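Please consider the following explanation of a single protein model. The account begins with its pockets and then turns to a strand and a helix.

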Amino acid sequence: MELRDRPRRLRSDGVRPLVSETRLAPTDLIAPVFVDATADERVPIDSMPGHERVPIDEAVARVEEVRETGVEAVMLFGIPRSKDERGSRAWAEDGVVQEATRRIVAETDAYVITDVCLCEYTDHGHCGLLEESAESDPRLTVRNDETLELLSEIAVSHAEAGAHMVAPSSMTDGMVGAIREGLDGAGFESVPIMSYAAKFESAFYGPFRDAADGAPAFGDRRHYQMDPANAREAMREVRLDVEQGADVLMVKPALPYLDVVRDVRREFDRPVAAYNVSGEYAMLHAAAERGWLDLEETALESLLCVKRAGADLILTYFAEDVAPRL
Ligand code: PBG
């Protein structure tokens, strides 16, 4: 038999790197960091081995650890010292993210991105102001338009503290436009917005909700986060954010939604981010702990594939682990 095409010719060790289509670099990665205003020492997060909530006093040290691995950007999440109905600690000048941001920006070279949301700050755990009837009528939870003003205020307070980029994650309709207007009005025209543009209502967020203490007290997030069944709707969501001025478009979670990552890459001429979420991290750890999977190899392969699908940047809890290997 005569075979002309033998793809195996290009798989020998010397040539593989030459024909490799995708390369992952530490500078593609963003490491999430949890800062906890209620902690006075580092608290390990059980469901996310290797991650911890750090007190404000440790925020700079924590970010330096990240930087030492070659990862240059962090995404800050805050656990406030107290919660209320409106989530007012989210935009407080001395709030946990604001305080940590000020210190990190002053003392490190990290690129600081802040999560703009209300769920960690409200006592009910939803990502916005509640409808009066929310508890009795689970079809209605958050008041969309009234929440916009608060999101804008949060984003401006983060920018005032020195945040380099803000990342709204509440899936409030109109959030990107409202935040852009707020930032521009306050003189922060050059602070970009990375929008959680297609964020799905996903069971893969479980470990994060423990980590950031942001699980809804009742009901769920299905009225504002997207139905996992919908990829065409994701394009509509993303388009709205582009029209409102989003600079970077995020798809979240990553691995179960790589088709969406690919679609966004093809359809929009903007950087695409993918969030390799807490559940994606936890499940590899759980399997590795049992000896069923090789942690490092599966982590690297996962991130490489997220990039191959079309992501330019990846938010991942594996950032520090894989960066030194790249
Ligand atoms: C807050 C927020 C969540 C995540 C990031 N920002 C939780 C949620 O929407 O329930 C999840 C991140 C992860 O699972 O790693 N809105």
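**Pockets, a strand and a helix**

In this predicted model, α10 contributes the most to the lining of the largest pocket, namely 4 residues. The volume of the largest pocket is about 640 Å³. Its lining comprises 16 residues, and those closest to the centre are Arg16, Ser20, Glu21, Thr22 and Leu304. Two or more lining residues come from each of α1 (16-19) and α10. Sorted by class, the lining of the largest pocket holds 8 nonpolar, 2 polar and 6 charged residues.

The second largest pocket has a volume of about 190 Å³. Its lining is also made up of 16 residues, and the ones nearest its centre are Asn144, Met171, Asp173, His223 and Tyr224. Helices α4 (144-161) and α7 each provide at least two residues of this lining. By class, the lining of the second largest pocket contains 5 nonpolar, 8 polar and 3 charged residues.

From the pockets, the description moves to strand β10. In a regular strand, side chains point alternately to the two faces of the sheet. Strand β10, residues 313-316, is covered on both faces. Leu313 and Leu315 are buried on one side, and Ile314 and Thr316 are buried on the other. Buried here denotes a relative accessible area under 20%.

Which strands pair with β10 in the parallel sense? One is β1, residues 29-36, which pairs with β10 over 2 bridges; within this pairing, Ile30 stands opposite Leu315 of β10. Another is β9, which pairs with β10 in the parallel sense over 4 bridges. Here Ala274 stands opposite Ile314 of β10. Residues Leu315 and Ile314, which face these partners, are both among the buried residues of the strand.

The last element to be followed is helix α8, which spans residues 258-267. Its residues Leu258, Val260, Val261 and Val264 are buried. Viewed down the axis of α8, the buried residues lie within an arc of 155 degrees, and therefore they line one face of the helix. What covers these residues includes both strands and helices. The strands among them are β7 (194-199), β8 (248-252) and β9 (272-276), and the helices include α7 (232-243) and α10 (295-309).

Several of these elements recur in the description. Strand β9 pairs with β10 and also helps to cover the buried residues of α8. Helix α7 supplies residues to the lining of the second largest pocket and is likewise part of the cover over α8. Helix α10 takes part in that cover and gives the most to the lining of the largest pocket.

Technical notes
Residues numbered from 1 in each chain as written. Predicted model: local features only at pLDDT ≥ 70, side-chain atom pairs only at ≥ 80, totals over all residues. Heavy atoms only, no water. Buried < 20%, exposed > 50% of the residue type's maximum accessible area, 1.4 Å probe, protein only. Arc of directions from axis to C-beta. Contact = heavy atoms within 4.5 Å. 1 Å grid on protein atoms, 1.4 Å probe; cavity = no way out; pocket = protein on both sides within 12 Å on 5 of 7 lines; lining within 4 Å. Points joined across faces, edges and corners; volume = space filled by probe spheres on them. Nonpolar A, V, L, I, M, F, W, Y, C, P; charged D, E, K, R; others polar. Pairing = 2+ DSSP bridges.
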